[in-house]
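Student: Please give me a close look at the empty spaces in this model. Take the closed ones first, then the open ones, and then whatever lies around them.

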Amino acid sequence: MNVVELPGTMLAPAKLNLCLYVGPRRDDGLHEIRSLFEPLELADELKVREAERDEVVIAGIEGPDLTAKALAALREQGWDGPPLRIEVTKRVPVAAGLGGGSADAAAVLRLARGEVEGLRAIAAAIGADVPSQLQPRPCLVAGAGEVIEPAPPPADHGVVLLPQPEGLSTAAVYAEADRLGAPRGDNELEAIRRRLRDALDDGGSPLSYREHLVNDLQPAAISLRPAIEEALRALEEEGAPHAMVTGSGPTAVGLYASPDEASAAAERLRERFPAVIATAPLAR
């Protein structure tokens, strides 16, 4: 057995989709996308300890999840680290379009970095968002999430999240988007990727290229959860220069010029939306 230095406590940052352009369904059942991912200071906490057997414990979540799937995948690939007990404290809302489960799985895979080959392929087999979370950083994403191009860190800005009381299934939102129709073609997606790359190279806050912050899944998420519209209006009323749905929803996100402005807006929103979260991009 290899001697493995356990990290003790690991953080799994939430992921914000600053945009999400959706193409047609691929042969593997996934959709071709173009997106810009931004990790957030909001993060789950994973406590890792040696144990008699592998065990993943997540309060409030029963049954197999991506975290346990990631640990099992490492064992299947021959990782011979010691048996582990992994306790996950969830701070990222579940099924909220913030990639919390994917982030947790990626954190587990990082335990075997340098010891197991092909971690990115393992990550992709677990979930489309997991590869980008192996190294939380801003990135331009293509394919179904497995094609990752690092992006420069953005200028300072703040983020307010308004989760819904109940999450949405990613599969259900994509199915609704398919029903609503009009996916983007491959040529259009490639043109979008080039425009996003140009915007990133110019630097600045995402608010400097708001015209590119489009989520093609937003109409589908609102169709399934009409209450999202109220959250988006509330963010705009509280001064968010840009408000949108993140990922497959149902979380509404407001971008602000600074973390202080985001925190102040969150306090004003707290009476109407007790679950409001003020956060900021993960510092690098």
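Tutor: Start with the rule: on a 1 Å grid over the protein atoms alone, a cavity is a set of points where a 1.4 Å probe fits but cannot get out, while a pocket is an open set with protein on both sides within 12 Å along at least five of seven lines; a lining residue has an atom within 4 Å of a point. Points are joined across faces, edges and corners, and a volume is the space filled by probe spheres set on them.

This is a predicted model, where local features need pLDDT of at least 70, side-chain atom pairs count only at pLDDT 80 or more, and totals for chains, interfaces and linings use all residues. Numbering runs from 1 along each chain as its sequence is written, and side-chain values use heavy atoms, with hydrogens and water left out.

How confident is the predictor? The protein chain has an average pLDDT (confidence in each residue, from 0 to 100) of 93, and 96% of the residues score at least 70. Residues 1-5 fall below 50. Beyond near neighbours in sequence, that stretch makes 10 contacts (heavy atoms within 4.5 Å) in the model.

Now the closed spaces. There are 2 cavities of 30 Å³ or more. The largest cavity holds about 50 Å³. Its lining is L18, L36, F37, E38, P138, P152, P154, L200 and Y209. Strand β2 gives the largest share of this lining, 3 residues. Strands (E, at least two residues) and helices (H or I, at least four) are DSSP runs, numbered from the N terminus. By class, the lining splits into 8 nonpolar, no polar and 1 charged. Here Ala, Val, Leu, Ile, Met, Phe, Trp, Tyr, Cys and Pro are nonpolar, Asp, Glu, Lys and Arg are charged, and the others, Gly among them, are polar.

The second largest cavity holds about 40 Å³. P152, P153, P154, A199, L200, G203, G204 and Y209 line it. Compare the two lists. P152, P154, L200 and Y209 line the largest cavity, and they also line the second largest cavity. The second lining has 6 nonpolar, 2 polar and no charged residues.

Next, the open spaces. The largest pocket contains about 880 Å³. It is lined by 39 residues, and L66, S102, D129, T170 and S248 are the closest to its centre. β1 (9-25), β2 (31-50), α2 (100-110) and α5 (170-180) each give at least two residues to that lining. The classes are 20 nonpolar, 13 polar and 6 charged.

The second largest pocket is about 200 Å³ in volume. Of its 14 lining residues, A177, G181, A182, P183 and D216 are the closest to the centre. β1, α5 and α7 (218-224) each add at least two residues. α5 adds the most, 3 residues. This lining counts 8 nonpolar, 3 polar and 3 charged residues.

Stay with A182. It sits in the loop between α5 and α6 (186-201). Its phi is positive, about 65°, although it is not a glycine. A182 is exposed, with 74% relative accessible area; exposed means over 50%, buried under 20%, and partly exposed in between (1.4 Å probe, protein chains only). A95 also has a positive phi, near 50°, without being a glycine. A95 lies in the loop between β4 (84-89) and α2. At 41% relative accessibility, A95 is partly exposed.

One more backbone detail: a cis peptide bond links G249 and P250, with omega about 10°. P250 is in the loop between β8 (242-245) and β9 (252-256).

Finally, the packed parts. A nonpolar core is a set of buried Ala, Val, Leu, Ile, Met, Phe, Trp, Tyr and Cys residues joined through side-chain atoms within 4.5 Å. The largest such core has 33 residues, and V160, L162 and L235 touch the most other members. Helix α8 (residues 228-237) brings the largest share, 5 residues. Another core, apart from this one, has 28 residues, including M10, A12, A105 and L134.

F273 is in the loop between α9 (259-269) and β10 (277-279). It counts as buried, at 14% relative accessibility. Leaving out residues up to four places away in sequence, F273 touches L162, E230, A231 and A234.

Methods. pLDDT = per-residue confidence, 0-100.
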